[in-house]
Amino acid sequence: MKRVVSLWLPHWATDRLKIASRRAEGLAVHREVRLGKVRLNEPRLAWASEEARPLVTVAAANGRALLAAIDENASAAGLLPGMVLADARALVPDLAVRPSHPDKDAAALAQLADWCARFSPWVAVDGADGLFLDITGCAHLFGGEARMIEDLAQRLRRFGYRVRLAIADTPGAAWAAARFATLARGSDSIILPSGGTREAIAGLPVAALRLSQVQAAELERLGLKTIAELYPLPRAALLRRFGLEPARRLDQALGRIDEPINPRTPASPHEARLAFAEPIVEAASIAAALDRMLAGLCGHLASEQLGVRQLRLVLFRVDGSLQHVSIGTSRPNRDPHALRRLFAKLFDRLDPGFGIEAMSLTATQAEPLEDLQLVLAQARAQSQKRARAENRAAVETPLLPAAAESAEPLDETAIERAVDEAALAALADLFANGRFANEPAPVRLTRPAPQESHLPERAVAPVPALAGKAERWTAIALSTVRPVRLLPRPEPLETDETESETLPTSFRWRARPHRIRLAEGPERIAPEWWRPAASGASVSDTRDYYRVEDSEGRRFWLYREQTVSRWYLHGLFA
Amino acid sequence: MADGAAVTNSPVSARLEALKAAVGGFGPGAAAVRVRLGLPELDQALGGGLVQGALHEIASVDGSAAATGFAAFLLGRLVKASQRPVLWTPGADIYAPGLARYGLSPNRVLLADFRRPQALLRALEEGLRCPGLAAVLGEIEEIDLTASRRLQLAAETGGIACLLLRRGPSRNPTAAVTRWQVWSANAQGAKPRWRVSLLRCRGGRTGDWLLEGCRETGGIAVAAALGDRPAQDRVAAR
């Protein structure tokens with residue numbers, strides 16, 4: 001049976017403002033104490049009185065200022081959302097007024113939904129002030145539904161939110177109970193028994209069915225005040241008289257039609273979670289917890305013959321915020337040690353704050369991991385322990401049973417090649433994930449691949465090192481004489497005559513004079529007319545390349561642009 | 001019973017071999033794998049070839065790319081020995097098609113563009129731990145003794161060669177097992193020449209040679225041991 005939590009934050013917008021200002025105040029006090037301006041035990045009267053003042057947020061509508069959200073104190077003073085601000089001021093003279101920011105409220109609610117993912121991966125935002133959590137099969141992890149919901153309520157109260165929660169079989173029933181049920185004294189939550197939804201919500205008003213105000217008022221006008229009074233009505237009459245909505249909402253609440261909860265982040269079936277009895281702060285503890293989760297997750301993936309392409313680690317901090325890092329691998333992988341190394345580089349980026357109370361590790365992308373690699377993963381784990389001299393033997397050992405069974409034995413060189421490739425993939429992943437040793441950007445492991453171009457600077461392009469399909473160099477492509485270093489862009493030379501048709505006898509490059517002793521050429525390279533010229537005009541001119549050697553034996557690759565007759569240095573020969 | 005004896009025997013001998021290998025691992029002992037350069041004069045001076053699991057330092061003296069070519073030649077020999085690729089970092093202005101003339105196939109070159117010296121050293125070390133590589137090459141300006149020791153140790157444990165290519169001779173002492181200096185020399189006919197001197201070689205002797213490129217085969221030969229012998233065209237087998 002499905003079980004759903006509806007979480008209602010009746011004063012969400014104002015609670016959020018209060019928490020933010022309290023946090024800012026706390027920081028300010030902290031700063032002043034540090035600077036020696038105030039002493040810590042000095043009472044902050046302004047703050048205390050500010051807390052007791054009724055707070056409302058205001059939005060403009062039709063040229064009037066209307067109350068958008070009100071806090072507990074304002075509600076106790078008789079204010080209601082939707083009131084005109086002037087009327088509210090008349091009732092409560094010392095009203096604290098703030099502008100309403102629905103978008104900021106929504107963003108903060110989304111963040112809270114992410115935080116709630118520590119209880120269940122299926123969390124959805126419900127309207128402007130509520131959340132749904134699908135806790136089917138999760139509650140036992142937190143000691144049962146009662147303990148779980150009390151834990152959730154307590155944490156939210158500690159953050160400073162007023163909350164009402166309900167657990168029921170359907171989102172509709174949970175929603176109704178969270179907002180309209182009479183709660184036990186001193187409790188913020190109610191649990192509707194599984195299978196008893198019909199009776200449990202019978203006494204609630206019809207507005208609890210998530211109907212619009214107009215529809216609820218219309219039902220009440222006809223004497224249909226509670227949900228129980230809708231039960232005996234013939235369905236056809238209900239539909240004819242009130243339209244589709246009340247019947248649909250009633251069906252949803254009673255579970256006659258399914259109402260799925262769409263989680264904010266798609267839930268992955270490959271996930272490991274860990275909750276701590278005490279919040280942890282030290283990096284070593286986080287690393288140990290990560291090891292445990294990786295071992296669990298990789299074991300689970302192994303049983304499904306899958307490997308990870310993307311992993312996301314989320315830390316749930318005690319202050320209700322999240323920290324997350326992701327890693328990617330160039331090929332499916334489920335070797336806990338290799339994955340662990342990728343995370344190690346990211347640890348200094350994580351800030352545990354006042355402590356971490358739970359962690360989750362999700363394989364956001366998983367792909368089938370081939371059998372050969374499966375065997376190799378074992379082989380590699382063993383070979384790491386042994387000396388490199390015994391590497392070959394270690395690769396063979398775990399293969400023996402498999403080789404005995406299968407008709408054709410695996411090719412040894414193929415295995416060696418696959419081991420090498422796996423090692424290179426691990427290296428590429430290490431370079432590409434996060435900032436490697438404070439390098440500002442991730443570094444790709446590349447291979448210089450030949451390109452279809454005769455322009456020297458376009459003839460090579462870096463491709464990912466493990467892209468198997470990329471072009472390979474052929475003997476023909478390598479037969480022309482080319483320098484070992486090519487300058488990023490050709491550098492103009494100072495020659496005897498700035499515009500000379502013939503090869504100069506000497507030139508200056510990077511402030512050093514060179515006298516040309518030998519020269520060979522020209523090799524004429526025409527521009528690629530089918531391509532638009534690059535920003536540098538030099539691409540659009542035919543070049544005559546010469547290989548020259550100076551008096552001391554240094555060898556250069558010079559060229560002359562045909563039309564303007566300027567000389568450039570493009571490369572260095574060994 | 002004979003089977004049982006064989007089974008009990010082999011792990012002991014295997015362990016013994018492993019121990020021998022472990023003891024040999026400290027310094028270029030008898031167990032160190034040596035890669036022949038195919039140039040008898042140089043191999044002789046190196047004591048049988050270039051030690052694979054070690055740090056080698058190549059410095060350019062005259063600001064030319066001659067040292068790059070010589071490094072490519074050494075990498076080419078290492079690749080040929082193990083059939084694995086090499087990591088060249090940062091290698092920003094390396095022109096891959098030009099390396100083939102010195103025996104290094106661009107198909108076997110991997111590049112990683114690390115710009116900061118600290119990151120570069122870390123990357124080299126990680127590369128030395130990667131069993132899929134034949135060698136790593138770092139283009140680096142200055143390195144201190146401690147950092148070079150770390151690289152030497154990593155090279156020894158991984159059995160992978162680490163080459164440092166520098167634009168000028170080093171000021172600091174380093175833990176390199178061999179230290180080379182390379183100059184350009186004037187070409188003889190159409191054959192480019194270089195002066196290579198081995199300034200330091202643990203377990204070998206120093207030397208000074210004139211190398212020349214062979215246009216036809218693309219190989220490299222020793223033109224002369226400087227100062228005494230006449231030119232001999234001994235082309236290294238590719």
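Buried residues account for 55% of the 238 residues of chain B. The model is a predicted one. Chain B holds 6 helices and 12 strands. Take its contacts between residues at least 6 apart in sequence: 60% of them join residues at least 24 apart.

**The interface of chain B and chain A**

On the chain B side, 55 residues are in contact with 52 residues of chain A. The two chains bury about 4500 Å² between them. Carbon and sulfur atoms carry 56% of that area. In chain B, the residues that lose the most area to chain A are B:Asp93, B:Tyr95 and B:Asn107. Together these three make up 16% of what the chain B side buries.

Polar links also cross the interface. Between chain B and chain A, 18 residue pairs are in polar contact, with both residues at pLDDT 80 or more. The rule finds 4 salt bridges across the interface. One of the salt bridges joins A:Arg485 to B:Glu139. Their closest N and O atoms are 3.1 Å apart.

Which elements of chain B each supply at least two residues of the side that touches chain A? Four are helices: α1 (2-24), α3 (66-82), α4 (96-99) and α5 (117-128). The strands are β4 (86-89), β5 (109-112), β8 (178-188) and β9 (191-201). The largest share comes from α5(B), with 5 residues. By residue class, the side of chain B that touches chain A divides into 31 nonpolar, 11 polar and 13 charged residues.

Strand pairing links the chains as well. Strand β13 of chain A, residues 445-450, pairs with β5(B). The sense is antiparallel, and the pairing runs over 2 bridges. Within β5(B), B:Leu111 stands opposite A:Thr446. Strand β5 of chain B is also among the elements that supply at least two residues of the side touching chain A.

**Cis peptide bonds**

Chain A has a cis peptide bond between A:Gly521 and A:Pro522, with omega about -5°. A:Pro522 sits in strand β18 of chain A, residues 512-525. In chain B, a cis peptide bond joins B:Thr89 and B:Pro90, and omega is again about -5°. Where does B:Pro90 lie? B:Pro90 is in the loop between β4 and α4 of chain B. Both β4 and α4 are listed among the elements of chain B that supply at least two residues of the side touching chain A.

**Positive phi outside glycine**

Two residues of chain A have a positive phi although neither is a glycine: A:Gln305 and A:Ala511. The table sets out their backbone angles and settings.

| Residue | Phi | Place in chain A | Relative accessibility |
|---|---|---|---|
| A:Gln305 | about 55° | loop between α12 (283-303) and β10 (306-317) | 39% |
| A:Ala511 | about 65° | loop between β17 (506-509) and β18 | 59% |

Is A:Gln305 exposed or partly exposed? A:Gln305 counts as partly exposed, because its relative accessibility is 39% and exposed means over 50%. A:Ala511 is at 59% and so counts as exposed. The loop that holds A:Ala511 leads to β18, the strand in which A:Pro522 is placed.

Definitions and conventions
Residues are numbered from 1 along each chain as its sequence is written. Chains are lettered from A and ligands numbered from 1 in the order in which they are written. This is a predicted model: local features need pLDDT of at least 70, side-chain atom pairs count only at pLDDT 80 or more; totals for chains, interfaces and linings use all residues. Side-chain values use heavy atoms; hydrogens and water are left out. Contact means heavy atoms within 4.5 Å. Buried area is the accessible area (1.4 Å probe) that two parts lose on being put together, summed over both. A salt bridge is a side-chain nitrogen of Lys or Arg within 4 Å of a carboxyl oxygen of Asp or Glu. A polar contact is a pair of N or O atoms within 3.5 Å; within protein, one must be able to donate a hydrogen and the other to accept it, and residues adjacent in sequence count only if both atoms are side-chain atoms. Ala, Val, Leu, Ile, Met, Phe, Trp, Tyr, Cys and Pro count as nonpolar, Asp, Glu, Lys and Arg as charged, and the others, Gly among them, as polar. Two strands pair if DSSP finds at least two bridges between them. Buried means under 20% relative accessible area, exposed over 50%, partly exposed in between (1.4 Å probe, protein chains only).
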